[in-house]
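Here is a briefing for a reader new to this structure. It goes topic by topic, in short points.

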Amino acid sequence: MAAGYRGERRAPARRRVGVFAMVVSLVAALLLAPGVASATQTERVEPTAVEAAATGIVKTADLSQFQPGNIISDAKFFDRGTMTEAQIQQFLEARLPRCSAGYTCLRDYSDTSRSTAADAMCGAYSGGVAERASTIIFKVSQACGINPQVILVMLQKEQGLVLSSAPTKDHYRAAMGQGCPDTAACDARYYGFFNQVFGAAWQLKRYANPPGTSQYFTWYAPGKTWNVRWHPNEACGSSPVYIQNQATANLYYYTPYQPNAAAIRAGYNASSDPCASYGNRNFFQFFTDWFGSTQSYNSPFGNVELIRALPGEFEVAGWAADLDTKEPISVHVYVGSVGVAVNADQERPDVGAAYPAVGSRHGFGVRIPAPGAGLFDVCVYGINAGGGSNVMMRCQTVTAMSGSPTGALESVRPVDGGVEVSGWAIDPDTVAPATVHVYVDSVGTALAADKERADLATRFPAYGTKHGFATKLTAAPGSHTVCAYGINVAAGGNVQLGCQTVVVPGSAGQIPELGRAPIGVFEALTLSGSTAVASGWAIDPDTASSIKVHIYVGGTGVEYTADAARADVARIYPAYGERHGFVQQLNLPPGKSEVCAYAINTGSGGHTFLGCRSAEVAVQIADLGRAPIGVFEGLTVSGSTAVASGWAIDPDTTSSIKVHIYVAGKGVEYTADAPRADVARIYPTYGEKHGFGQQLTLPVGRSDVCAYAINTGAGGHTFLGCRTAEVAVQTPDLGRPPFGNFESAAPAPGGATVSGWALDPDTTQPISVHIYVDSTSAAYTADKPRADVAAAYGLGDRHGFSEFIPMTSGSHTVCVYPINTGPGGHSWLGCRTITVP
């Protein structure tokens with residue numbers, strides 16, 4: 001049964017019908033050709049459908065050849081040219097020469113089809129009255145590009161219709177199992193033979209996400225490995241399957257189970273194993289016995305079980321075989337554009353047990369050097385041994401563990417007679433310690449980065465912890481540039497890990513005057529009332545002594561000495577000691593002030609600007625119990641998110657005040673402290689920190705959003721106003737068809753009133769309906785209020801239609817079609833025959 005638009009799984013009860021149909025098919029086939037020898041699969045006898053029926057050839061599919069990852073080739077599945085309409089009819093008649101009395105068999109069945117417009121899945125279909133089943137099968141196969149043999153097999157595996165001599169109405173109305181999930185009864189919108197055949201073919205094309213549709217169906221995408229369940233009962237488990245092509249992916253979307261070993265052993269019978277499922281086994285078996293191989297030829301098959309990056313290389317492993325030979329075949333592994341050939345000749349008893357026809361020597365495992373850093377497509381091909389062609393078994397994009405070294409020169413510390421350096425380095429092409437070259441000016445020293453660095457294990461778990469370096473290097477007193485380089489071993493090049501300039505003290509600890517500018521940081525400005533504290537540190541690299549800093553409040557500067565103890569600074573600059581901090585108390589005027597700091601050079605060279613920070617001292621205003629003022633200016637809505645904006649001031653304070661914003665009776669407190677220069681120009685005494693722009697989450701439907709400015713002292717609060725917003729119900733477009741009800745066609749002089757309702761489950765908006773009177777149509781909008789529809793489906797009430805359509809006197813056929821708003825097909829709500837007076 002079909003997985004439907006949402007990928008639902010199929011009902012186990014229907015699968016029992018499929019088992020019965022299997023047994024009937026075998027008995028019927030044997031009755032057709034008593035004494036005729038069967039053609040074996042190795043003979044590659046692939047008669048046409050008519051030849052198979054006429055000659056009575058009975059083939060018993062070799063289920064050991066069932067490949068869960070390649071049930072049928074794309075070439076076979078999408079070949080619309082395998083049978084003519086006449087051949088389909090002859091096939092049905094040959095398969096079932098006689099029908100039981102009182103029943104209409106598929107060979108004689110007819111149904112009224114409807115016209116459909118072309119879309120991304122199928123071409124246009126021209127409907128007809130009382131079309132034969134063979135006609136519908138042929139026309140759908142041509143419109144949708146599906147092999148008519150596939151449709152015939154699915155009609156058999158789902159409801160046994162090809163071979164049933166006593167089919168019921170229920171069999172026809174769910175002929176392909178389309179819209180019949182495991183979790184519920186079949187969807188009545190898909191009832192009817194034409195709806196089933198066309199809907200299933202349309203769905204089989206939709207699974208490929210053709211251009212113009214969404215990328216919804218991705219969980220069995222070909223070229224990847226997916227866990228496919230054995231049975232609807234989750235307790236039965238699953239196993240990984242590498243899906244080789246789109247046709248196989250389509251079958252798993254439609255019937256998301258693979259046969260287990262018990263189902264394979266059972267042949268055309270049911271197994272006693274409660275975890276056995278038969279849908280995709282039956283597809284393979286019926287197709288093979290009726291039409292020959294599901295493959296266009298015997299191409300290689302197998303499974304790539306491992307593709308991973310290792311330091312400096314890629315590891316690839318799996319198995320591959322070709323039904324044309326028992327000998328090991330060649331496998332080509334490409335990293336980017338560079339390929340390596342390897343024989344798949346390792347022992348794999350599991351493969352031999354699953355495919356006894358090819359033996360067990362088909363495993364492979366290879367490691368390939370990585371060409372460098374970055375993303376690479378690692379692709380594995382099975383090389384064909386006979387008829388057929390090479391097959392891409394898997395292609396995966398992998399990040400290489402390769403390239404240039406990485407690391408850091410973390411510390412360069414001047415000491416008596418030289419510098420102490422430390423850091424780490426890793427070359428991604430090897431787990432061995434990397435080589436590091438450290439230069440003091442132009443003199444280099446080679447080091448092994450082999451010291452323990454446990455902290456690197458979490459960042460580089462594949463490389464171990466022996467990648468640190470630390471040593472002391474000789475250097476004369478004075479300024480030196482110290483640089484470290486990671487030395488490359490494979491792909492990539494050498495990398496600079498860092499450079500630092502340090503001053504090595506002389507024998508008496510003297511630092512030479514080199515005219516260098518001071519360094520430091522203006523770290524913080526804290527405010528309490530009108531008192532601020534400016535803090536930070538400053539060093540002149542040409543002296544270990546404390547230096548001056550100038551701190552400006554507005555345009556007025558005061559000189560201070562940066563001599564507070566800073567042990568943290570001393571650890572970073574040990575040659576200079578710790579007396580380089582500043583923590584200065586400042587008095588700020590009312591209003592906003594800019595506080596800026598400068599480090600003052602002790603010798604030649606310029607001073608250094610350390611930065612500015614802002615502070616605002618509140619203006620003291622007497623609390624007179626005045627109510628706040630402000631404006632709730634706007635409410636902008638995007639989806640279910642709204643932004644409420646405005647401003648609010650309490651005239652009794654310059655401080656920002658609170659606003660309470662209510663959504664549908666529920667309030668939240670916010671602070672109106674966003675900058676509003678426009679408000680400050682109008683109320684200069686109060687500054688600019690009085691705006692609010694708050695993001696709110698609105699419920700579905702209509703909401704009133706109200707704002708209040710909250711008084712900071714005596715006096716009442718102020719209501720700033722309310723605004724209204726409406727959030728629409730968000731419904732994802734899943735390509736589902738519209739549905740509804742054609743309720744009445746009431747004739748009156750001059751015409752008839754056509755009424756009902758229609759909606760698209762992928763939107764809450766009204767949709768279009770096309771109303772046909774005989775062969776003439778017109779489009780209308782189903783937007784009239786229908787409270788009953790809203791209560792039933794929760795998609796709003798604007799889905800009704802009631803249109804008076806002019807007609808001549810006499811008999812007329814009135815038909816109604818709801819039109820899909822996105823991907824997916826339109827629907828038919830029915831036809832009524834009326835007589836206009």
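Trp290 and Phe291 are both buried, where buried means under 20% relative accessible area, exposed over 50% and partly exposed in between, with a 1.4 Å probe and protein chains only. The model is predicted: local features need pLDDT of at least 70, side-chain atom pairs count only at pLDDT 80 or more, and totals for chains, interfaces and linings use all residues. Residues are numbered from 1 along each chain as its sequence is written, and side-chain values use heavy atoms, with hydrogens and water left out.

**Aromatic rings**

- The structure holds 39 aromatic pairs. Rings of Phe, Tyr and Trp (its six-membered ring) pair if their centres lie within 6.5 Å; planes under 30 degrees apart count as stacked, over 60 as edge-to-face and the rest as tilted.
- Trp290 and Phe291 make one edge-to-face pair, at 6.1 Å centre to centre with 85° between the planes.
- Tyr439 and Tyr485 are also a pair: their ring centres are 5.8 Å apart and their planes stand at 90°, so the pair is edge-to-face.
- Tyr439 belongs to strand β15 (residues 434-440) and Tyr485 to strand β19 (residues 478-487), so this pair ties together parts that are 46 residues apart in sequence. Helices (H or I, at least four residues) and strands (E, at least two) are DSSP runs, numbered from the N terminus.
- Tyr439 is partly exposed, at 31% relative accessible area. Tyr485 is partly exposed too, at 27%.
- Ring pairs also link a cluster made of Phe91, Tyr268, Phe283, Phe286, Phe287, Trp290 and Phe291.

**Charges over rings**

- Arg613 has its charged end over the ring of Phe522, 5.7 Å from the ring centre. A charge sits over a ring if NZ of Lys or CZ of Arg is within 6 Å of the ring centre and within 35 degrees of the ring normal.
- Arg723 lies over the face of Phe632, at 5.7 Å from the ring centre.

**Nonpolar cores**

- In soluble globular proteins, nonpolar side chains tend to be buried together.
- The largest nonpolar core here has 61 residues. Such a core is a set of buried Ala, Val, Leu, Ile, Met, Phe, Trp, Tyr and Cys residues joined through side-chain atoms within 4.5 Å.
- Leu106, Val140, Leu155, Phe193 and Phe283 have the most contacts inside this core.
- Elements that give two or more residues to the core include α4 (85-95), α5 (133-144), α6 (148-159) and α11 (279-291). The largest share, 8 residues, comes from α8.
- Leaving aside neighbours within four places in sequence, Phe283 is in contact with residues including Ile71, Ile72, Val150 and Leu251. Contact means heavy atoms within 4.5 Å.
- A second, separate core has 22 residues, among them Val331, Ala344, Ala370 and Val380.

**The sheet with β35 and β36**

- Four strands form an open sheet in the order β32-β31-β35-β36, with antiparallel pairing. Two strands pair if DSSP finds at least two bridges between them.
- β32 (666-672) and β36 (718-727) stand at the edges with a single partner strand each, so one side of each has no neighbour in the sheet.
- The twist averages 20° from one strand to the next.
- Strand β35 (residues 701-709) pairs with β36 over 9 bridges, in the antiparallel sense. One bridge joins Ser703 to Ala725 in β36.
- Val700 is in the loop between β34 (689-697) and β35. Val700 is exposed, at 58% relative accessibility.
- Val700 and Val727 are 27 residues apart in sequence, yet 4.9 Å apart in space, C-alpha to C-alpha.

**Other strand pairings**

- Strand β14 (residues 418-426) runs antiparallel to strand β18 (residues 466-474), joined by 7 bridges. Trp424 has Gly468 in β18 as its bridge partner.
- Strand β17 (residues 451-452) pairs with β18 over 2 bridges, again antiparallel. Glu452 bridges to Lys466 in β18.
- Ala454 is in the loop between β17 and β18, and is exposed at 55% relative accessible area.
- Another open sheet has 4 antiparallel strands in the order β5-β6-β10-β9. Its edge strands, β5 (301-310) and β9 (346-347), each pair on one side only.
- β9 and strand β10 (residues 361-369) share 2 bridges, with Gln346 opposite Gly363.

Terms used
Axes fitted to C-alpha atoms, helices over the stretch in contact; angles between N-to-C directions.
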